[in-house]
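Work through the exercises below with the model open. Try each task before reading its solution.

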Amino acid sequence: MRSLLPPEYIVRIDQDRCRRCGRCVRNCGFGALSFEHSFWHRAKELFQGSTEDLQKVIAHVEEYVPDRVVADNRKCVQCHYCVTHCPEGAINIEPNPLAYKANHYWLPHYQKNIVKQAESGGMILTGSGNDKPYFSYFDHLVLDACQVTNPSIDPLREPMELRTYLGSRPKALEIEQDSDGEPVLKTKLTPQVKLEIPIVFAAMSYGAISLNAQKALAMAAKECGVLMNTGEGGMHRDLYPYADHIIGQVASGRFGVNPEYLERAAMLEIKIGQGAKPGIGGHLPGEKVDEEVSRTRMIPVGSDALSPAPHHDIYSIEDLAQLISALKEATAYTKPVGVKIAAVHNVAAIASGIARAGADVIYIDGFRGGTGATPMIIRDHVGIPIELALAAVDDRLRQEGIRNQVSLIAAGGIRHSGDVAKAIALGADAVAIGTAALIAMGCHVCQQCFSGNCSWGIATQRPELTRHLNPEEAGQRLANLLRGWALELKEILGSLGINAIESLRGSRLRLRGVGLSEQDLEILGVKPAGR
């Protein structure tokens, strides 16, 4: 069927500046660029005269008709790899200016998707997080600052504590004295994991992203004293040296889950839901399942990795409690066990049940959370913002007197250190970043992760593309990002007149709403600016 869709982007190549080095042609994962098959190439193939005559023809034609790079605009996804790596800066990519008839209801986006489905008869897949212009509550919250009566603190001259711990905390500590009169902690503490910065890398599985990308995340996590998450794809052997800084995920497909995997991870996480696709399972296309992915996930080469929407052994809070208990028992009660859920309308009640089921950590993923592949209709229309979900959960757990039983991780659209501080003030113990981490490694959010053609070497298993990502360099970029955010968080704490991130946790009095309705302010538990 001939496609009626025009190209989304136009590739502009300055032929005067182009040196014909071929770097863009070789490195485009989508095959959008190629050398034009010019006349002299055809002459070489077809010329039947003598070698001497052929050389004369080639010399004459090359002088006037040099090779040039041309683009197949229909294949371009605007990932900008060619733009970034062109040594002459000769490439630019622009949205196709083709105008649709103005219609405020039937927007071009909807028209394009209808044509795509009319031609394919399938679901429209996408990657990354919800990019629709929904209201951003983070952008309408501002932080307080100290002035005269409560002076601020200079982080350059006074110590600032960003360290936090994930795990269940006791309501109180009991101290007793030993035979020498020395104080001894009587309360038995549950397992904890330490974060030097209140940030973890979000779950991104091997298969969805390349091994080089996972290595970069693991290296940065170890260097900065934080955690990365395997996602639902198991743990590759190359990650074993970093296992003390890795969260091992147990998803509905149980891919890569075995006793060694459970034992090596610093913490375990049961994945129930994901912000980008609440209520549905996962799908890794078979073309991304090579021998290494097959060995790590424990599935056949080339087979689709399908995660069921529910865990088939979890249909109640009691069932979840059994799995939490089983994982703790399997690891001799030495590791915290968390549960990841999507932010949905009744998230507070769900979180309360999870806390009572024995979870040590609850990871809440808002609807801006990213993914490697999901139906666009689900990503764009299911779930709620992390800000509202986090505030509701923190409130519910405090009202029930069980807030200290669990740590809360907030995820789904954390873009900068300001969002980190606001999420912690709303009740989070730490945040998780996924898309921000990918951008730090080079991702330009073209949202084609599901295709396996990522030119940046991140969301692909093609060897000729994965080599584009140097794990050491990418790991350093990630570490630099975390250090930069850590410095900014210390400045924020200093401006608030506090010197520890724990003092900000759940302190909504340090937040004010700008342009929010009374209902929004009530749910978030913050006052309007000016009061």
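**Exercise 1. Describe the overall fold.**
Task: Count the helices and strands of the protein chain, then compare its radius of gyration with that of a compact globule.

Solution.
- Step 1. The protein chain has 17 helices and 23 strands. The model is predicted.
- Step 2. A compact globule with 531 residues would have a radius of gyration near 24 Å. The protein chain has 27 Å, which agrees.
- Step 3. Turn to the extent. The C-alpha trace spans about 105 × 55 × 50 Å along its principal axes.

**Exercise 2. Characterise burial, surface and contacts.**
Task: Find what percentage of the residues count as buried, and what part of the accessible surface belongs to carbon and sulfur atoms.

Solution.
- Step 1. Buried residues make up 50% of the 531 in the protein chain.
- Step 2. The accessible surface comes to about 25300 Å². Carbon and sulfur atoms account for 52% of that surface.
- Step 3. Now take the contacts between residues at least 6 apart in sequence. Of these, 71% join residues at least 24 apart.

**Exercise 3. Search for disulfides.**
Task: Determine how many disulfides the whole structure holds, then check C24 and C28.

Solution.
- Step 1. The search of the whole structure returns zero disulfides.
- Step 2. Apply the cut-off: a disulfide needs two cysteine sulfur atoms within 2.5 Å.
- Step 3. For C24, the closest cysteine sulfur is in C18, 6.2 Å away, so the pair is too far apart for a bond.
- Step 4. For C28, the closest cysteine sulfur is in C79, at 6.2 Å, again too far for a bond.
- Step 5. Check the burial. C24 is buried, with a relative accessible area of 14%. C28 is buried too, at 19%.

**Exercise 4. Place Q447.**
Task: Locate Q447 in the secondary structure, decide whether Q447 is buried or exposed, and list what Q447 touches.

Solution.
- Step 1. Q447 sits in the loop between α14 (435-441) and α15 (463-466).
- Step 2. Its relative accessible area is 17%. Buried means under 20%, so Q447 is buried.
- Step 3. Leave out residues up to four places away in sequence. Q447 then touches T126, G127, S128, G129, D131 and R379.

**Exercise 5. Map a nonpolar patch.**
Task: Name the residues that make the nonpolar surface patch of about 550 Å², then examine Y105.

Solution.
- Step 1. The patch is made by Y105, W106, L107, Y110 and I114.
- Step 2. Y105 lies in the loop between β4 (91-95) and α5 (108-120).
- Step 3. Y105 has a relative accessible area of 62%. Exposed means over 50%, so Y105 is exposed.

Notes
Residues are numbered from 1 along each chain as its sequence is written. This is a predicted model: local features need pLDDT of at least 70, side-chain atom pairs count only at pLDDT 80 or more; totals for chains, interfaces and linings use all residues. Side-chain values use heavy atoms; hydrogens and water are left out. Helices (H or I, at least four residues) and strands (E, at least two) are DSSP runs, numbered from the N terminus. Buried means under 20% relative accessible area, exposed over 50%, partly exposed in between (1.4 Å probe, protein chains only). Contact means heavy atoms within 4.5 Å. Patches are made of residues with over 30% relative accessible area and no salt bridge: like charges are joined within 9 Å, nonpolar side chains (Val, Leu, Ile, Met, Phe, Trp, Tyr) within 5 Å. Accessible areas come from the Shrake-Rupley method with a 1.4 Å probe; for residues, only the protein chains shown count as cover. A salt bridge is a side-chain nitrogen of Lys or Arg within 4 Å of a carboxyl oxygen of Asp or Glu. The radius of gyration is taken over C-alpha atoms; the globule rule is 2.2 Å times the number of residues to the power 0.38.
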